[in-house]
Structures are given as structure tokens and as C-alpha cells.
Amino acid sequence: MPVPSIPEAAIAALSSAEAVAAFTGAGISAESGVPTFRGERGLWRTYRPEELATPQAFEADPRTVWEWYTFRRDLMAKSNPNPGHYALARWERHFPHFSLVTQNVDGLHHRAGSQVVYELHGNICRSRCHWCRKPAGDLGVGPDGELPHCACGGPIRPDVVWFGETLPARTVDDAWKDVRQTDVFVSVGTSSIVYPAAGLIEIARSAGAFMIEVNPEETELSGLFDVCLRGPSGIILPEVSRRLGLAD
Ligand code: BJW
Ligand code: ZN
């Protein structure tokens, strides 16, 4: 794919920014081989996240929910960060204030070298008790298919945020505070439909940030952005870095 040209307004805004916030979704990991939930190439179309990623689904059929997560854990463990993840890790070292807020549970930002990542929806590698919340390392389904349980008797589950559940309060506080103060807000690879996370886009806009969207497709909230860069983030973000004079 030819490298798209980046509008001067976006480069000017980033060049003069003191504070930059990046907000990422499943699309940034698509080029690492991790399927998105929705959109043209969303592989989980056979599994609707609205049906499986809920406490009700887990309580009714923990085996099926665990099957989905075991499959995804294995896939994510085999995946590697792509140039989009590495570009954002480089931005953390470049901008005086840089905040990385992700909806992703795959840990690829950390593996690309980002030091501080606000993980709004948890992390798929970790497990915890569904009842008492006690951490349970990376415990999953046993070799003979036995479902893991906590000492309290509760079922162990992936430490992610399902529909109807609240996001981690401290992470939300920190991320929301940073976004209210940012000069430039860059949304990457999200369909912008899952709340409260997508609300960050509206908050940044209301706070007067210069708004950049990176996504091959138009999204629900594209109208709130000053510049929409239509293409894969693994190509666009390194090109923005190059225009900013940052070596990879
Ligand atoms: C590329 C690309 C490339 C492709 N480069 N881009 C207000 C209004 C309406 C509803 C609600 C509301 N507030 C709350 C709700 C309910 C609900 C909700 O939002 N529902 C919507 C579906 C309508 N929200 C919740 O329930 C949340 N909790 C909550 O609100 O608590 C308060 C409360 C509690 C109790 C009662 C009442 C209120 C929790 C939401 C948790 C979401 N969890 C999941 C699963 C996480 C675990 C797991 O991974 O299994 O999080 S669902 C799933 O969606 C996952 C994602 O993080 C999230 C967002 O998806 P994302 O990242 O945007 O991915 P996609 O696939 O949608 O989009 C990919 C994009 O990439 C596409 O646009 C492509 O074009 C693009 N792309 N290739 C760049 N190469
Ligand atoms: Zn427990």
C-alpha cells in the first residue's frame, strides 16, 4: 500500500504539542494478526462480543467463554507488536507529556516498549476470582479440561472488563484527567462505539484538543476529528513519526 500523505495541519499540531494522548483499539493490533471485534475484517463476527463478553455468559456457560479466551490467549502470546505499536512507544519518549490509553487486552503496547499504559478493559494474560476478585496469576483451564476455582469457591475468570461491568476506577481517573489536559488527541483503530471508553473522544474534543483519527474506515465519531487519516496504523503512525523527525 502506498504511504498516504499526512496533512500539514496534523504535523503542525503535533510539532507544537506539549501534551499528546493516544487512544487505541483492536485495529492497532490487526497488523499483528490479532483479529478486531468489528469492522470489515472483524474475525469475531462468528462470536459476538456482546454475547460472550458478559458476566451472564460466563455464569451460564463458563466452558464456552473459557474456550474463546484460551484460543485468544494463545493467539496473542504468539503475536508480536507491529510498527504502529513501536511508533507510539517512541512518542512516549519524545513528547513532554504523553498518555497511552488502550481498550486492548493483548499487552502489545508494553511489549513494544511503552512504559505507562492505561488498560481500560484489563489484560487477557491475567486471571482473577469472579466472586472475591483475588488475583490468580495466569490460571486457565487445566490440561484435563478442569475449570479453575478460587479458594473461596468462586470460578476463576480472565481479568478483563465485560459488558455491564465497571472499568478499573483508578485507571479511569488517571486517563480521563490526562485527556482533559491534552493538546492533541490521536484515536487509533477503534470503532468508537463502546462506552465509557469512546466518551474519551468527546471529552478531548470538548476540552479543545486537536483531534486526529487513524482508521481505514469511517467510524461513529469521525465527525469529531479535525483530521482523519484513512489507512492502516502500522503504516500511518510510522509515517507521522518520520514527518516529526523521529527515528524508529
Ligand atoms: C484498523 C485496522 C488497521 C482495522 N489500522 N485501524 C452509553 C451508550 C450506549 C451503551 C452504553 C453506554 N455506556 C455503557 C454502555 C453499555 C456498554 C456499551 O458500550 N455497549 C455498546 C456496544 C453500545 N458498555 C459497558 O457495558 C461498559 N461498562 C459500563 O458501562 O459500566 C458501567 C455500568 C455498569 C453496570 C450497569 C450500567 C453501567 C463495559 C464495556 C466493556 C467492553 N469489553 C470488551 C471486551 C474486553 C475483553 C475481551 O477482549 O474479551 O472490550 S468488548 C470489545 O469492544 C473490547 C474492546 O476493547 C471494545 C472496543 O472495540 P474496539 O477496540 O473499538 O474494536 P472494534 O473491533 O470495534 O473496532 C476496530 C476498528 O479498527 C474498526 O473501526 C476498524 O476499521 C479498525 N481497523 N484494521 C487501524 N490496520
Ligand atoms: Zn475468590
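# Ligand and zinc sites in a predicted model

User: Where does ligand 1 lie relative to domain 1 and domain 2?

Analyst: Ligand 1 lies between them, because domain 1 (8-34 + 81-121 + 164-243) and domain 2 (42-77 + 141-160) both give residues to its shell; the bounds come from an automatic or database domain assignment. This is a predicted model, in which local features need pLDDT of at least 70, side-chain atom pairs count only at pLDDT 80 or more, and totals for chains, interfaces and linings use all residues. Residues are numbered from 1 along each chain as its sequence is written, chains are lettered from A and ligands numbered from 1 in the order in which they are written, and side-chain values use heavy atoms, leaving out hydrogens and water.

User: Which residues come nearest to ligand 1?

Analyst: Arg-38, Tyr-69, Arg-72, Thr-190 and Ser-191 do, out of 35 residues around the ligand; a residue counts as near if one of its heavy atoms lies within 4 Å. The shell divides into 17 nonpolar, 12 polar and 6 charged residues, and helix α4 (residues 62-78) gives its largest share, 3 residues.

User: What makes the Ser-191 pair with ligand 1 a polar contact?

Analyst: A polar side-chain atom of Ser-191 is 2.5 Å from a ligand oxygen, and the cut-off for a pair of N or O atoms is 3.5 Å, so the pair qualifies. A backbone N or O atom of Ala-26 also qualifies, at 2.8 Å from an oxygen atom of ligand 1, as does one of Val-161, at 2.9 Å from a ligand nitrogen. Protein covers 76% of the 1500 Å² of accessible area that ligand 1 has on its own (Shrake-Rupley method, 1.4 Å probe).

User: How do you know which residues coordinate the zinc ion (ligand 2)?

Analyst: The SG atoms of Cys-129, Cys-132, Cys-150 and Cys-152 sit at 2.2 to 2.4 Å, and donors are N, O and S atoms within 2.8 Å of the metal (3.2 Å for Na, K and Ca). Along the chain their spacing is C-x2-C-x17-C-x1-C.

User: Why is the arrangement around the zinc ion called tetrahedral?

Analyst: Its 4 donor atoms subtend angles of 103 to 120 degrees, and four donors count as tetrahedral if all angles lie between 85 and 135 degrees, so the name fits.

Notes. A polar contact is a pair of N or O atoms within 3.5 Å; within protein, one must be able to donate a hydrogen and the other to accept it, and residues adjacent in sequence count only if both atoms are side-chain atoms. Helices (H or I, at least four residues) and strands (E, at least two) are DSSP runs, numbered from the N terminus. Ala, Val, Leu, Ile, Met, Phe, Trp, Tyr, Cys and Pro count as nonpolar, Asp, Glu, Lys and Arg as charged, and the others, Gly among them, as polar. Four donors count as tetrahedral if all angles lie between 85 and 135 degrees; four count as square planar and six as octahedral if opposite donors are over 155 degrees apart and all others between 65 and 115; anything else is irregular.
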